[in-house]
Amino acid sequence: MRDVDGSGKPALEQGGAAPRRSRRRFLIGGLLGSGALVVGWGMQPPRQRLHTAEPLPVEQGAVALNGWVALNPDGTVSVVVPRSEMGQGVHTALPMLVAEELDIGLDRVRIAPAPIDKIFGNLTVLRENLPFHPDQRGNVKDGAQWMLSKIGRELGIMFTGGSTSVKDAWLPMREAGAVARAMLVKAAAADWKLPAAQLRTEDGFVIGDDGRRASYASLAARAAEVGAGIDASDVKLKEPRAFRLIGKAAPRRDTPAKVDGSARFGIDARVPGMLYAAVKMAPTVGGSVASFDAAAIKAMPGVTGVVDISSALDARAGAGAGVAVVARSWWQAKSAAAALPVDWNAGEGAALSSEAIFAGFAAALDKESGYTYFESGTQDVANVAKTVSAEYRAPFLAHAAMEPVNCTAQVADGKVRLWASTQVPSIAVDVAAKVAGVAREDVSIEVMLLGGGFGRRLEGDMVAQAVAVAMQTAGRPVQLIWTREDDTTHDVYRPAALARFTARLDAAGNILAWDNKSASGAIGHQYFPRNLGLPGVGPDKTTAEGEYDMQYEIDNQRIAHVIVDSAVPLGYWRSVGHSHNAFFKEAFLDEVAHAAGQDPVSYRRALLARHPRHLAVLDRAVAAAGPVPAGRAHGVALHQSFGSIVAQVAEVSVEGTDIRVHRVVCAIDCGIVVNPNIVAQQMEGAVVFGLSAALGGEITIKDGRVQQTNYGDYPVLRMDRAPMVETIIVPSAEPPEGVGEPGVPPIAPAVASAVFQLTGKRLRSLPLRLA
């Protein structure tokens, strides 16, 4: 087996050596092709997640007790946070997990950057890509998840996304804190000649029953010596009833720096001698550079060079082939890039249009059965009194993060340095190593704060471009920045989709059968080859999530999806397939309830008899919403995604064609809550993000070109249009589930339901428009 890049040619190992086996390809190939090998390997316990391959870097005088925790001489504790902070609060929530088990105040915790190491890989995000129904139980599901967790540990991909940060860290970070605590207790016990059972910990001290006490800092070196053999299996984690920090509201640790301006985002990187680069990319989907005239701009102020960056992107289809202009300031680079004469090869994508894409979806649904993600019972049912059918559609969407795409890179003396706001630092390192032709060990990265991610910064295109430019600047660092127009017109977009539903009802309005088939491109078919060098084949769970895994109890169901290959570049967008499939499913259920002559909330309740958690969330939201003010309507939606159950009640008014959302009540069951403040903030942000898409978000294609360019024609919800959001956290004893994304999916169908009550019009296409 040999590594191949997207061109199909053998890929040279980093540094130009001969091709060799890739562990990633070996694992996946073994999983698919050698059952005996996989079974034998799968029976072995997973690799540990406590100690890094190399000693944890620490400041002078600090002592690392494991790969996550170091004690500093001043009594503070440095905690490694391996997930990127992009506004979701991981710099607060994740340290709380360690501090809880270590028995130290959160105010004494410092954030330590994570080295590139496999113990920090995100196991949960890979495991949850399996297309199991949430209600499914048994050995098959357990075994598959176990195997994917093991593969995730081997791959070690440092990945922030999928609402998995707390969920993935829940055990390893608590174990890291508990092990460090046990090491400190053992050190004190050895020095004091006391049994460990006679010692306790409190607020950074080990305290003996005889009254002696020692600070963690004073015990650190001794703990590293006598406690080195303590492992995660040797400690007992706290029971929830003993939590002092987890479950309590705590202020966001990143807020002060963001208020006083000292926070450093990717675009804030400043390196001595730094140059700047602006890009000019192919205007059509899949276009490429035919030629350019660098001489025409070389006399412009500040210009130092022009670089064709297309070759750096090789197989990263649609990832921004074009030319970069380098200058002493970014404005100089941008001005020169705008003036640079470039001739383009339009490519096959020049004929693309949104109308043709949706026509292709419709034709595929007419002709193909698709892949069936879930089926129960039969569609051949008797006693059908009424049949309800509808077709729904959703457009491409851009990420539109506030911080535009950027990356700073330096290539000198066979080494690469990166300063990047990325959700995938380990992938960024791999991309940089490949472009520069060096070993990944020769690439270092400083992960900056992200001014919004939403899935866009799961990509490596900006890293590839920045490194390609830096290779031509004689060792000087280069900061590459896209304009807002670059960002909007060269995104990796949320897939457009078309869905058809049919429900057969009996005379009492009960659902006898539910049939749902949808069509769209598949994100995984592009993301995996583009960023991981893995094949993009087979079913893609994200295409049908939110449809096949719905919570409603309907005996006869069939949910299928047809993948239609997309020339438009696709990427992960906040809440992924749930973002549109929840709208399809919930809006159609409202139609069915209306056809049955029943209240949509009561209708849902009847379909949740064996789902008490879902029913409780729905009831809490509806009760909190209270009576509807005159001239307005309440729309309700319920959806489970990323493990969490969310119900939303949207209070809506309509004046002419203007749809206005005044208030949203949002109830969530996300398992054990680490920090309720963050949950509320995430729900508020998700509602605003979801409303931006529901009321205005749309990317359209004409003659192969994206038509929207900036916030003027790709609007996000403005402050004066933002509703009041009230969050209700439903208590739960289940382990933590996702929070960052589950608040997005229900808002569009909730608003659509309210609009129907006010106008009698069914809006089956996003964005929701009355004209």
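Visitor: How many aromatic pairs does a search of the whole structure find?
Guide: Happy to help! This is a predicted model, where local features need pLDDT of at least 70, side-chain atom pairs count only at pLDDT 80 or more, and totals for chains, interfaces and linings use all residues. Residues are numbered from 1 along each chain as its sequence is written, and side-chain values use heavy atoms, without hydrogens and water. Rings of Phe, Tyr and Trp (its six-membered ring) pair if their centres lie within 6.5 Å; planes under 30 degrees apart are stacked, over 60 edge-to-face, and the rest tilted. The search of the whole structure finds this many aromatic pairs: 16.

Visitor: Is the pair of Tyr371 and Tyr373 stacked or edge-to-face?
Guide: The two ring centres are 4.8 Å apart. Their planes stand at 80°, so the pair is edge-to-face.

Visitor: Which class fits the rings of Phe454 and Phe689?
Guide: Here the centres lie 4.7 Å apart. The planes meet at 40°, so this pair is tilted.

Visitor: Is Phe689 buried or exposed?
Guide: Buried means under 20% relative accessible area, exposed over 50%, and partly exposed in between (1.4 Å probe, protein chains only). Its partner Phe454, at 24%, is partly exposed. With 13% relative accessibility, Phe689 counts as buried.

Visitor: Which ring does the charged end of Arg762 sit over?
Guide: A charge sits over a ring if NZ of Lys or CZ of Arg is within 6 Å of the ring centre and within 35 degrees of the ring normal. For Arg762, the distance to the ring centre is 3.5 Å, and the ring belongs to Phe756.
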